[in-house]
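Student: I should like a close look at one part of this structure, taken slowly and with its surroundings included. Please choose a single element and describe it in full.

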Amino acid sequence: YRIQSDRKVAVCSVHPSEQATLQCLGCVKAKIPVAKSYHCSPRCFSDAWQHHRILHERAASAVNENGAEEEELFGRFNSSGSGASNTSLSGSTSSVSLSNGSAPLYPATVTERSGGETWFEVGRSKTYTPTADDIGHVLKFECVSIDAEKKLPVGHVNTIMTSRVIPPPTPSPRRLVPVSGVDVMGNLDLDGRTASSGTFTVLSYNILSDVYASNELYSYCPSWALSWAYRRQNLLREIVGYRADILCLQEVQNDHFEEFFAPELEKHGYQALYKKKTNEVYSGTAYAVDGCATFFRRDRFSHVKKYEVEFNKAAQSLTDALVPTAQKKTALNRLLKDNVALIAVLEAKFSNHGADTPGKRQLLCVANTHVNVHQDLKDVKLWQVHTLLKGLEKIAVSADIPMLVCGDFNSVPGSAPHALLALGKVDPLHPDLTVDPLQILRPASKLTHQLPLVSAYSSFARMGVGVGLEQQRRRMDPATNEPLFTNCTRDFIGTNDYIFYTADSLTVESLLELLDEESLRKDTALPSPEWSSDHIALLAEFRCMPRTRR
């Protein structure tokens with residue numbers, strides 16, 4: 001039942017568990033979804049204003065510039081239930097199907113009324129999914145055994161009352177920003193992919209494994225929004241909404257990959273590859289293991305080859321070759337951290353107008369990794385990145401192939417791992433090199449690679465004037481040409497995630513806009529009800545370009 005009081009109730013858009021006491025009339029005039037207009041107190045409205053005013057600005061922009069096109073952008077990620085927030089809280093006027101969940105066992109009954117409240121029966125099944133009409137109201141779930149033949153209740157009736165149903169969180173949509181100054185939003189086809197067949201999009205996203213998402217670590221996130229049942233659906237909605245051709249996901253639990261992400265993303269046309277870490281983590285109730293998952297659209301790419309990198313195996317080989325027997329145990333204790341990388345060689349199914357030879361196979365190598373997190377193991381981080389790059393160099397020698405290196409490197413811009421990736425070498429005087437108890441980084445001159453890697457998001461800093469570029473530059477660190485943050489918790493705000501590409505074979509066409517602290521709302525951090533990971537997704541659109549003949 002939906003218990004509907006005679007007194008209408010609206011809920012706060014910022015604190016959805018609180019009843020609203022005021023409404024923003026600017027939202028009403030701008031025809032912004034009414035659920036976003038409510039606030040529980042003047043202080044709530046004041047604190048949220050920096051974020052809230054963006055809704056007004058975008059609504060005005062939609063009317064003045066883009067007409068109906070902007071409405072699609074606002075609703076782009078609202079395909080799986082989020083539309084509830086677009087509905088007035090004025091009570092139910094529509095007829096409700098009583099087979100919301102599984103097939104009903106017996107015919108429906110009518111409403112009941114008691115003490116200023118009306119109980120609307122909204123379903124007769126073992127499951128019920130709240131609808132827009134339920135927002136602001138309490139639900140009562142009544143469970144009783146039924147004699148299947150006589151259709152009569154048997155035994156005691158059990159009931160559960162919920163708290164008020166809240167609207168689904170609706171994060172501000174993130175748009176593709178062209179780095180060439182050409183508005184690619186006008187080039188989207190009906191499937192949401194760019195119409196130009198010579199380009200493709202790549203997403204990199206650490207989705208925050210459930211085994212690490214503890215209430216103690218993320219106490220600021222409501223427990224319902226931290227639950228995996230909620231987060232997995234919110235993550236899927238977000239990931240599918242980006243419509244990327246290639247997905248590089250980190251911290252994907254093995255069971256979640258097999259039971260949820262692989263089958264769900266297959267429905268959206270993706271083929272899956274997976275490499276789990278080499279050791280399990282105890283979550284307090286069960287053991288779990290996470291890893292790297294790479295997905296690609298079957299209509300855009302085909303799978304050619306997969307390489308798996310286990311840094312533990314590389315550590316065994318290193319210690320066998322370089323470390324004296326007496327020190328091997330100590331060395332392995334430091335180096336064995338269970339991190340992995342997944343390398344996929346794909347073949348494009350779309351034509352590339354910039355290819356040297358018409359009809360030539362267009363291959364692409366995509367590396368997806370999650371480097372060790374511990375900040376006191378700077379030598380291990382650098383060694384892992386160097387090991388991965390040396391492996392990619394071997395692939396590059398055997399095949400003249402564009403490369404992407406994506407992932408969570410747990411290394412901030414300017415660190416030795418970042419320098420190695422972006423510059424191809426590490427300064428011998430870099431402070432990170434002072435941490436090398438096993439002497440595995442000596443001499444520093446060996447810390448090089450020949451891949452012409454460039455960070456995709458540095459394009460925001462390097463390109464000229466264009467639509468939206470200036471706003472994105474304000475979200476970049478001018479000292480490093482990297483985003484101000486890709487990881488945002490109460491304890492850490494900084495950049496750990498990157499998409500690197502080989503600049504002699506690929507060019508960046510557009511980038512997914514960065515979030516700023518206003519977009520995350522004042523005094524908050526990730527994960528949140530809107531964003532279900534402590535990292536933000538990065539996405540870049542690339543074009544293959546002719547290779548220089550040697």
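Tutor: The model is a predicted one, and the element chosen here is helix H5. At 1.5 Å a residue, the 15 residues of H5 should span 21 Å, and its end C-alpha atoms lie 21 Å apart, so the expected and the computed span agree.

Burial comes next. With buried taken as under 20% relative accessible area, 12 of the 15 residues of H5 qualify, and the helix is therefore largely enclosed by the rest of the structure. The buried set begins with Trp228, Tyr230 and Arg231, continues through Asn234, Leu235, Leu236, Arg237, Glu238, Ile239, Val240 and Gly241, and ends with Tyr242.

As for what surrounds the helix, the buried residues of H5 pack against helix H4 (223–226) and H6, and also against the strands E9 (199–206), E10, E25 (506–512) and E26 (538–544). Just after H5 comes Arg243, with a positive phi near 55°.

One of these partners, H6, merits its own description. Helix H6 covers residues 254–266 and bends by about 30° at Phe260, with a proline, Pro263, following within four residues. Phe260 is itself among the buried residues of H6, together with Asn254, His256, Phe257, Phe261, Ala262 and Leu265. From the side of H6, the buried residues pack against H5 (228–242) and against the strands E10 (246–253), E11 (270–276) and E14 (290–297). Strand E10 thus appears in both lists: it packs against buried residues of H5 and against buried residues of H6.

Notes:
Residues numbered from 1 in each chain as written. Predicted model: local features only at pLDDT ≥ 70, side-chain atom pairs only at ≥ 80, totals over all residues. Heavy atoms only, no water. Bend = angle between axes of the 7 residues up to and from the residue. Helix = DSSP H or I, 4+ residues; strand = E, 2+ residues; numbered from the N terminus. Buried < 20%, exposed > 50% of the residue type's maximum accessible area, 1.4 Å probe, protein only. Contact = heavy atoms within 4.5 Å. Expected span 1.5 Å × (residues − 1).
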